[in-house]
Amino acid sequence: VEAPVVDLSGAAAGPVAVELAAAGSIRGVLRPAPAHPEGYVVVLLESASSSGAARLAHVDAQGRFSVDGLRPGKYRIAAQLAAEAPKARWVGDVAHMIEIEIRGGSPTDLDLPIVVAKGGGQ
């Protein structure tokens with residue numbers, strides 16, 4: 001569904017309805033818990049976006065992470081070792097990412113599985 005375009009550069013043709021939705025968020029934890037979870041970064045991509053822009057979240061010592069201010073919709077998410085970033089693409093293969101649905105107004109709780117790439121490890 002195409003979003004309507006409103007041109008505010010000219011005279012107003014009448015009232016325009018603007019639909020607002022509360023932002024969504026993710027509260028997550030890595031599973032299984034790695035020995036050093038703070039060495040991981042969570043990568044989040046908006047599924048419908050063609051921009052390729054990614055959001056990153058750092059993981060704390062308990063394996064928890066959070067991402068706030070998300071537009072409701074479908075996203076792809078994965079965890080990867082931060083130390084691997086110079087050696088590999090941040091988003092190497094979307095097939096290894098999990099698709100999730102973010103709803104506005106309340107957090108999405110997520111146990112994020114760690115997918116170990118060939119030759120990789122925890």
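**Group meeting: the β4-β1-β7 sheet and the core**

I will begin with one pair of residues, where V29 stands opposite R64 in β4. What we are looking at is a predicted model, in which local features need pLDDT of at least 70 and side-chain atom pairs count only at pLDDT 80 or more, while totals for chains, interfaces and linings use all residues. Residues are numbered from 1 along each chain as its sequence is written, and side-chain values use heavy atoms, with hydrogens and water left out.

Strand β1, residues 24–31, is joined to β4 by five bridges, and the two run antiparallel; strands here are DSSP runs of E of at least two residues, numbered from the N terminus, and two of them pair if DSSP finds at least two bridges between them. The open sheet has three strands in the order β4-β1-β7, with mixed pairing. Its edge strands are β4 (64–70) and β7 (107–113), each of which pairs on one side only.

Turning to the core, the largest nonpolar one has 18 residues, of which I26, L30, V42, F65, I77 and L112 touch the most other members. Such a core is a set of buried Ala, Val, Leu, Ile, Met, Phe, Trp, Tyr and Cys residues joined through side-chain atoms within 4.5 Å, where buried means under 20% relative accessible area with a 1.4 Å probe, protein chains only. Leaving aside residues up to four places away in sequence, L30 touches P37, Y40, V42, V59, G63, F65, A79, L112 and I114, contact meaning heavy atoms within 4.5 Å.

Definitions and conventions. Helices (H or I, at least four residues) and strands (E, at least two) are DSSP runs, numbered from the N terminus. Buried means under 20% relative accessible area, exposed over 50%, partly exposed in between (1.4 Å probe, protein chains only).
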